[in-house]
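Welcome! Here are some exercises to work through at your own pace, each followed by a solution in steps.

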Amino acid sequence: TNPRKMAARSMLSRLGVRAMSVAALEAKSTVKAPAQTFGVSGRYASALWQHANKVGALDTVEKDLSNITEAMQTNITFAKYVADPCISRRSKMEGMALALASADVTTRKLAAVLCENGRLNEITNVIKDFATLMRAHRKQIEVTITSAESLDAEDLTLITDALVNFKQEGESFIISQKVDTALLGGFVVQLGDKYVDLSIVKRIRGIERILQEPV
């Protein structure tokens, strides 16, 4: 018998994988997730957040998921293994048990449940949805500023200062910048579900619509 497989099976047995499911995770948690997430990955992420919150492992699980993401980005063999539908569920459970041997038990249970349900290929989306829940938990709002050219520190400060009124008490911004030369000038701000377009191309299109109107 392969000693690695024996070790993996022993680990799975200690985790009590077969007793764990998304519904079970949800049933054991009384605190609702701080935001809505949708689809298959959203349900797993919500159940994971609720369970991790209950056992006080949110930050630890978040770090584990970050490590998984990094591993998938830097190790193409691992990424293919996760996505390969031809590998049996049991083999994936054993492989992930070994790969995540040093991770928190909640993270290992998530991976085991995904494998058992044939959903390991959803793990990237689950991680993204879990990140969304953590931002909501911390009252962090994603702000994306897109401009025709890279903004200097002074311009960025002026824009971020103008956004302060959009924040409620306890909230903070996570700001990222993008460059899109098609804007020609000005900038576009995506703040959570709010969208502000102050680009030159928008003004040009507005002028074009006016010029096309019948006199």
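**Exercise 1.** Find which residue just after α7 takes a positive phi, and describe the helix before it.

*Solution.* Begin at the end of the helix: G118, just after α7, takes a positive phi of about 70°. Before going on, note that this is a predicted model, in which local features need pLDDT of at least 70 and side-chain atom pairs count only at pLDDT 80 or more, while totals for chains, interfaces and linings use all residues. Residues are numbered from 1 along each chain as its sequence is written, and side-chain values use heavy atoms, with hydrogens and water left out.

Next, check the length of the helix. Helices are DSSP runs of H or I with at least four residues, strands are runs of E with at least two, and both are numbered from the N terminus. The expected span of a helix is 1.5 Å times one less than its number of residues. For the 12 residues of α7 (residues 105-116) that gives 16 Å, and the end C-alpha atoms are indeed 16 Å apart, so the two agree.

Now move to the start of α7, where a side-chain oxygen of D104 comes within 2.8 Å of the backbone nitrogen of T106.

Finally, ask how covered the helix is. Buried means under 20% relative accessible area, exposed over 50%, and partly exposed in between (1.4 Å probe, protein chains only). In α7, 11 of the 12 residues are buried, including L110, V113 and L114.

**Exercise 2.** Work out which residues T106 is in contact with, leaving aside its neighbours within four places in sequence.

*Solution.* First, place the residue: T106 lies in helix α7 and is buried, with a relative accessible area of 5%. Then list its partners, where contact means heavy atoms within 4.5 Å: they are L48, H51, A52, V55 and V61.

Take V55 as a closer case. V55 sits in the loop between α3 (39-54) and α4 (58-74), and is partly exposed at a relative accessible area of 47%. V55 and T106 are 51 residues apart along the chain, yet their C-alpha atoms are separated by 8.8 Å.

**Exercise 3.** Is C86 buried or exposed, is C115 buried or exposed, and how many disulfides are there?

*Solution.* C86 has a relative accessible area of 72%, so C86 is exposed. C115 has a value of 2%, so C115 is buried. A disulfide is a covalent bond between the sulfur atoms of two cysteines. With a disulfide taken as a pair of cysteine sulfur atoms within 2.5 Å, the count comes to 0.

**Exercise 4.** Describe how the strands pair.

*Solution.* Two strands pair if DSSP finds at least two bridges between them. Start with β1 (residues 140-147): 6 of its 8 residues are buried, so β1 is largely enclosed by the rest of the structure. β1 pairs with β2 (residues 172-179) in the parallel sense over 8 bridges; one of the bridge pairs joins E142 to I174 in β2.

Then turn to β3 (residues 186-191) and β4 (residues 194-199), which pair in the antiparallel sense over 6 bridges. They form a hairpin with 2 residues between them, and G192 in the turn has a positive phi of about 60°. L191 has K194 in β4 as its bridge partner.

**Exercise 5.** Sum up the whole chain.

*Solution.* Count the elements: there are 10 helices and 4 strands. Then look at the cover: of the 215 residues, 38% count as buried. Last, among contacts with a separation of 6 or more, 65% come from residues 24 or more positions apart.

Technical notes: A polar contact is a pair of N or O atoms within 3.5 Å; within protein, one must be able to donate a hydrogen and the other to accept it, and residues adjacent in sequence count only if both atoms are side-chain atoms.
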